[in-house]
Amino acid sequence: MQGYQSIKMMDYSNHQIDQIRTLEQLCKTNDRSSLRVGVESLKAIGGDEAYLCFLGRQLIGFVSWYTSDGTEANINGMVHPGFRRQGVFKALLKRAMSEMLTQGIETCRFRIPSNSKPGIDFIKHIGAIFRTSEFSMNLNQLHADISCRSGLTLQLAENQDLEFMVRCSSQAFGDSETWTRNYFARTIEPERVTYIALDSLSPVGMIRVNWVNKDTAVIHDLCVLTSQQGRGYGREILAGVVKLLLEQKCSTIRLGVVTENRRALNLYHSVGFEITAESSYYVITIHEL
């Protein structure tokens with residue numbers, strides 16, 4: 001590591017962001033992978049934490065992380081193909097983990113493109129355990145044959161909707177209400193909005209949208225009360241929020257779905273989403289690294 005300089009990212013200028021994008025594109029081309037390190041989430045306030053490695057003025061390594069629940073860090077990273085197997089990534093990860101430990105983080109969750117052999121080789125080398133795979137999907141074209149029942153409406157969530165959100169989400173995803181309440185508390189941000197789906201004024205489901213920038217939105221946390229599932233609400237809620245986003249001139253609409261969840265995958269396909277990439281997720285506790 002002689003001559004290398006690892007620093008915490010504090011510069012969010014266009015020049016710095018462009019350096020990261022250039023390295024990302026170089027790694028994608030070299031590895032023939034669908035690498036995406038979440039450059040759009042790097043910002044001075046409310047963005048992911050990041051560490052950079054330079055050799056002179058050349059950016060050769062990058063690690064970023066964020067947490068949604070306060071106990072697990074979601075990690076993205078990359079190293080210039082010409083500087084791999086020299087400890088660059090481990091050095092950046094070590095610095096990031098020092099920060100994680102002060103915040104009570106216990107485990108690291110790595111997102112690796114399923115078609116990235118260098119990424120998969122590295123993650124297996126450090127002993128991380130495979131957890132799941134996920135498809136990234138983009139809206140290709142909203143299917144025009146989607147009709148909403150007359151009583152279904154979407155409205156922005158208000159403070160009094162929190163208990164419904166906790167109940168609906170925990171039922172649908174199998175998380176405890178305590179974890180879910182903490183998750184919602186940690187993900188209240190100006191750029192993230194929640195819609196409650198109502199049928200004849202009764203809440204039946206919810207969906208959330210994270211505005212990455214003015215042109216790009218990520219849909220997540222789509223769920224329906226267990227007692228209301230199987231009635232077509234999920235498709236209508238998804239189509240309804242997509243229409244809202246298109247009316248707001250959103251040009252890129254993304255979401256993720258676990259590869260084993262064929263029901264959800266078929267739902268997204270039916271609305272007009274297409275698979276763009278596949279990622280594998282691996283986890284390891286910090287003390288094992």
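Trainee: Which residues have the most contacts inside the largest nonpolar core?
Mentor: They are I219, L238, Y268 and F273, in a core of 30 residues. A nonpolar core here is a set of buried Ala, Val, Leu, Ile, Met, Phe, Trp, Tyr and Cys residues joined through side-chain atoms within 4.5 Å. Buried means under 20% relative accessible area, exposed means over 50%, and partly exposed lies in between, with a 1.4 Å probe and protein chains only.

Trainee: What kind of model is this, and how are residues numbered?
Mentor: It is a predicted model, in which local features need pLDDT of at least 70 and side-chain atom pairs count only at pLDDT 80 or more, while totals for chains, interfaces and linings use all residues. Residues are numbered from 1 along each chain as its sequence is written, and side-chain values use heavy atoms, with hydrogens and water left out.

Trainee: Back to the core. Which elements give two or more residues to it?
Mentor: They are strand 6 (129–139), strand 8, strand 9 (202–211), strand 10 (216–224), helix 6 (233–247), strand 11 (252–258) and helix 7 (262–271). The largest share, six residues, comes from helix 6. Helices (H or I, at least four residues) and strands (E, at least two) are DSSP runs, numbered from the N terminus.

Trainee: What does I219 touch?
Mentor: Leaving out residues up to four places away in sequence, I219 touches I207, R208, V209, L238, V241, V242, L245, I253, R254, L255 and F273. Contact means heavy atoms within 4.5 Å.

Trainee: What else lies apart from this core?
Mentor: Another core, of 28 residues, lies apart from it, and Y51, V79, A96 and I286 are among its residues. As a general point, nonpolar side chains in soluble globular proteins tend to be buried together.

Trainee: Why is strand 9 described as largely enclosed?
Mentor: Eight of the ten residues of strand 9 are buried, so the rest of the structure largely encloses it.

Trainee: How many bridges does strand 9 make with strand 8, and how many with strand 10?
Mentor: Strand 9 pairs with strand 8 in the antiparallel sense over eight bridges, and six bridges join strand 9 to strand 10, also antiparallel. Two strands pair if DSSP finds at least two bridges between them. Y195 stands opposite I207 in strand 9, and W211 has A217 in strand 10 as its bridge partner.

Trainee: What links those strands along the chain?
Mentor: Strand 8 and strand 9 form a hairpin with two residues between them, and a hairpin of four residues joins strand 9 to strand 10. S200, in the turn between strand 8 and strand 9, has a positive phi of about 55° although S200 is not a glycine. At 56% relative accessibility, S200 counts as exposed.

Trainee: New topic: strand 2. Which strands pair with it?
Mentor: Strand 1 (residues 4–8) pairs with strand 2 in the antiparallel sense over five bridges, and strand 3 (residues 58–67) pairs with strand 2 in the antiparallel sense over seven. Y4 stands opposite L55 in strand 2, while the bridge partner of F54 is L59 in strand 3. Five of the seven residues of strand 2 (residues 49–55) are buried, so the rest of the structure largely encloses this strand.

Trainee: Which residue takes a positive phi in the hairpin of strand 2 and strand 3?
Mentor: G56 does, with a value near 70°, in a hairpin that has two residues between the strands.

Trainee: And the loop between helix 1 and strand 2: is R32 buried or exposed?
Mentor: R32 is exposed, with a relative accessible area of 75%. R32 lies in that loop, and its phi is near 55°, a positive value in a residue other than glycine.

Trainee: Is S33 buried or exposed?
Mentor: S33 counts as buried, at 10% relative accessibility. S33 lies in the loop between helix 1 (14–31) and strand 2. Leaving aside neighbours within four places in sequence, S33 is in contact with C27, K28, P113, N115 and S116. The C-alpha atoms of S33 and K117 are separated by 8.4 Å, although these residues are 84 residues apart along the chain.
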